Amino acid sequence: MTITDEDCLAETLAFNGKFEAVATSRPARGQAMSAATLAVLRRNRLGGDTPPVRLPHGQDRVVEGGVKVRVFVPDHVAGVYLHIHGGGWAFGSADGQDERLWQLAEQARLAVVSVEYRLAPEHPFPAGPDDCEAAARWLVKHAAAEFGTQRLLIGGESAGAHLSIVTLLRLRDRHGITGAFRAARLLFGPYDLSMTPSQRRFGPRRLLSNTDTLRGGYELFTPEMGEEQRRSPEVSPLFADLAGLPPARIVVGTEDPLLDDSLFLAARWQAAGAPVQLGVVAGAMHGFTLFPLTITERELRRERDFLALA
């Protein structure tokens, strides 16, 4: 395991400390959170206390299956990136990262299609994965006509990284589709919903995610499942056969309870025969790319380069 960005460690750890200090005043996330807390989380941008900025560049559409997507199309399109947002399967939205997605679209020359998948607890598993699968199938069939290219990429953050892999596996196993997506970008995702050792050991630290918030998120997303059922490959892609999946960039921080998930996934992905870039960021907590840090600027550049060159 190679750890990156150690030259930024002091800045990163200082930010973590400030975040923890103010987190005690924030309402706890997870299965027991109130409807009011969930409403606030859904109204505000991920990791922040203000609503996201909606840009006029984004176009809201409805594709096959009634799935809503938000589309960004730059002047020059060399590929299409299917983006799946994070938020513990319970909050977040397709228009929650307009500024970042538009910047990626312009810099990497990608049309970006962000999926407005249905959220738990109102719509638990498999609703969210069903919507992401439908959006991906729509792109496989219509990207050439819609965007002038069949070069497809996929990725997301946290729950969005999990849903990205689930989508690739569903395309392969349900529809015999492999090779349509050329690369996957997977940021700090939960890949074992029965909980890896790092998830269980992390404890109650009030960073963006911890042991309790992860467990609560799994209970919202898969309310009828026990631990053993959550090990199903359809739910936890760490247990799936990963053959035939595309090259991946897998990123996680050393202070993320999901550290093991990315380490284990990278090893299994590579063993299945696909190239892997594994980025382990020194001192970074879960969701670090949501915040104005040097490591965020660097990772966004790496993201752009990976997707532009894939």
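This briefing describes the sheet of this structure, the helices that pack on it, and one further helix with a buried side. The model is a predicted one. Its 9 strands form an open sheet in the order E1-E9-E8-E7-E6-E4-E5-E3-E2, and the pairing within that sheet is mixed. Strands of a sheet pair through backbone hydrogen bonds, either parallel or antiparallel.

**The edges of the sheet and the pair E6 and E7**

- The sheet is bordered by strand E1 (3–4) and strand E2 (59–63), which are the edge strands, since each of them pairs on one side only.
- Strand E6, made of residues 152–157, pairs with strand E7, made of residues 181–187, in the parallel sense, and the two are joined over 6 bridges.
- Within this pairing, Gly-156 is the residue that stands opposite Leu-186 in E7.

**Helices that pack on the sheet**

- Helix H1 (residues 9–23) packs on the sheet, where it touches strand E8 (248–255) and strand E9 (276–285), and the direction of H1 makes about 60° with that of E9.
- Helix H8 (residues 259–271) also packs on the sheet, touching E7, E8 and E9, and the direction of H8 makes about 150° with that of E8.

**Strand E5 and its two partners**

- Of the 6 residues in strand E5 (residues 111–116), 5 are buried, so this strand is largely enclosed by the rest of the structure.
- Strand E3 (residues 67–72) pairs with E5 in the antiparallel sense over 5 bridges, and here Lys-68 stands opposite Glu-116 in E5.
- Strand E4 (residues 80–84) pairs with E5 in the parallel sense over 4 bridges, and here Tyr-81 stands opposite Val-112 in E5.
- Together with helix H3 (residues 98–108), the strands E4 and E5 make a right-handed β-α-β unit.

**Helix H9, its length and its two sides**

- Helix H9 (residues 294–309) has 16 residues, which at 1.5 Å a residue should span 22 Å, and this agrees with its end C-alpha atoms, which are 23 Å apart.
- The buried residues in H9 are Ile-295, Thr-296, Glu-299, Leu-300, Glu-303, Phe-306 and Leu-307.
- These buried residues cover an arc of only 135° around the axis, which means that they lie on the same side of H9.
- On the face of H9 that is turned away from its buried side, the exposed residues Glu-297 and Leu-309 are found.

Methods: Residues are numbered from 1 along each chain as its sequence is written. This is a predicted model: local features need pLDDT of at least 70, side-chain atom pairs count only at pLDDT 80 or more; totals for chains, interfaces and linings use all residues. Side-chain values use heavy atoms; hydrogens and water are left out. Two strands pair if DSSP finds at least two bridges between them. Contact means heavy atoms within 4.5 Å. Axes are lines fitted to C-alpha atoms, for helices over the stretch in contact, and angles run from 0 to 180 degrees between N-to-C directions. The expected span of a helix is 1.5 Å times one less than its number of residues. Buried means under 20% relative accessible area, exposed over 50%, partly exposed in between (1.4 Å probe, protein chains only). The arc is that of the directions from the helix axis to the C-beta atoms. A crossover is right-handed if, with the strands pointing away from the viewer, the path from the first strand over the helix to the second runs clockwise.
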